[in-house]
Amino acid sequence: MSEKIGLCCDHAGFNLKERLKRMLEVEGYEYVDYGTNSTDSCDYPDFAHPLGQAIDRGELARGIAVCGTGNGIGMTLNKHQRVRAALCWNDEIATLAREHNDANILVLPGRFMSEETAARLVNIFLHTAFEGGRHERRVRKIPLQAAPAEEGSAR
């Protein structure tokens, strides 16, 4: 794999993020870790915004974010115009987030899922293609500002 995956988390997602890093390495993915780097209490926006900015600038195509519920970090990421962060907790939601919404950041609720479930959802996220078609029109309407079309992406 030549694609780099962006990673970020808060203190509640740190342990799961570290396990997912090992999984990505085994799968041959490179990653950029935006932190946090411990279980010390911290603020998720401090780590979500750098990942969102990397997506906005086109430096990364996809990412994975983890916080306690997934809500705060996902809300922060979705403030970025080119980010389509999807909070996923089961296989079907992860599949549809990619197929129908062209999600480019998988958000996981670290306090509410097992490592095995998280690994399965990451695998689905990384290996499920966007269907395009009727979904393309909808995904193009998500940003508040028009973004240039990219090859192989809805935006």
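Author: Strands here are DSSP runs of E of at least two residues, and helices are runs of H or I of at least four, both numbered from the N terminus. The model discussed below is predicted.

Reader: In which strand is the place of Leu7?
Author: The runs are counted from the N terminus, and the run that covers residues 4–9 is strand 1. Leu7 accordingly has its place in strand 1.

Reader: Does Leu7 count as buried or exposed?
Author: Apart from neighbours within four places in sequence, Leu7 has contacts that include Lys17, Lys21, Leu24, Tyr31, Val32, Leu51 and Ile64. The cut-off for a buried residue is under 20% relative accessible area. Since the relative accessibility of Leu7 is 1%, this residue counts as buried.

Reader: How many Å apart in space are Leu7 and Thr36, C-alpha to C-alpha?
Author: Thr36 belongs to the loop between strand 2 and helix 2, whereas Leu7 belongs to strand 1. In sequence the two residues are separated by 29 residues, while in space the C-alpha to C-alpha distance is 9.5 Å.

Reader: What kind of peptide bond joins Gly35 and Thr36?
Author: Gly35 is one of the residues in contact with Leu7, and Thr36 lies in the loop between strand 2 and helix 2. With omega at about 10 degrees, the peptide bond between Gly35 and Thr36 is cis.

Reader: What is the order of the open sheet of 5 strands?
Author: Strand 1 and strand 3 run parallel and are joined by 5 bridges, and strand 3 also pairs with strand 5 in the parallel sense, over 5 bridges. The open sheet has 5 strands with parallel pairing, in the order 2-1-3-5-4.

Reader: Which are the edge strands?
Author: In the order 2-1-3-5-4, an edge strand pairs on one side only. That description applies to strand 2 (30–33) and strand 4 (85–87).

Reader: Which residue is the bridge partner of Ala65 in strand 5?
Author: Strand 3 and strand 5 pair over 5 bridges, and within this pairing Gly63 stands opposite Ile105. On the side of strand 1, Cys9 has Val66 as its bridge partner in strand 3. For Ala65, the bridge partner in strand 5 is Val107.

Reader: How many residues of strand 3 (residues 62–67) are buried?
Author: On one face of strand 3, Arg62, Ile64 and Val66 are buried, and on the other face Gly63, Ala65 and Cys67 are buried as well, which leaves both sides covered. Strand 3 is therefore largely enclosed by the rest of the structure, its count of buried residues being 6 of the 6.

Reader: At about how many degrees to strand 1 does helix 2 run?
Author: Helix 1 (residues 14–27) lies across strand 1, strand 2, strand 3 and strand 5, and its direction is at about 165 degrees to strand 1. Helix 2 (residues 45–56) lies across strand 1, strand 3 and strand 5, and its angle to strand 1 is about 155 degrees.

Reader: How are helix 1 and helix 5 oriented to each other?
Author: Their axes come within 10 Å and cross at roughly 50 degrees, and the crossing is right-handed. On the helix 1 side the contact includes Leu16, Leu20 and Met23, and on the helix 5 side it includes Ala118, Val122 and Leu126. The residues of this contact divide into 8 nonpolar, 2 polar and 3 charged. Angles of 35 to 65 degrees are neither roughly parallel nor roughly perpendicular, and helix 1 and helix 5 are therefore oblique.

Reader: What is the sense in which helix 4 passes helix 5?
Author: The axes of helix 4 (residues 91–99) and helix 5 (residues 115–127) come within 9 Å and cross at roughly 20 degrees, which means that helix 4 is roughly parallel to helix 5. Asp91, Ala94, Thr95 and Arg98 of helix 4 meet Arg120, Leu121, Ile124 and Phe125 of helix 5, and these residues divide into 4 nonpolar, 1 polar and 3 charged. The crossing of helix 4 with helix 5 is right-handed.

Reader: What is the value near which phi of Asp102 lies?
Author: Asp102 is in the loop between helix 4 and strand 5, and at 5% relative accessibility this residue counts as buried. Although Asp102 is not a glycine, its phi is positive, near 50 degrees.

Definitions and conventions: Residues are numbered from 1 along each chain as its sequence is written. This is a predicted model: local features need pLDDT of at least 70, side-chain atom pairs count only at pLDDT 80 or more; totals for chains, interfaces and linings use all residues. Side-chain values use heavy atoms; hydrogens and water are left out. Axes are lines fitted to C-alpha atoms, for helices over the stretch in contact, and angles run from 0 to 180 degrees between N-to-C directions. Angles under 35 degrees count as roughly parallel, over 145 as roughly antiparallel, 65 to 115 as roughly perpendicular and the rest as oblique. A crossing is left-handed if the near helix is turned anticlockwise from the far one by less than a right angle, and right-handed if clockwise. Contact means heavy atoms within 4.5 Å. Ala, Val, Leu, Ile, Met, Phe, Trp, Tyr, Cys and Pro count as nonpolar, Asp, Glu, Lys and Arg as charged, and the others, Gly among them, as polar. Buried means under 20% relative accessible area, exposed over 50%, partly exposed in between (1.4 Å probe, protein chains only). Two strands pair if DSSP finds at least two bridges between them.
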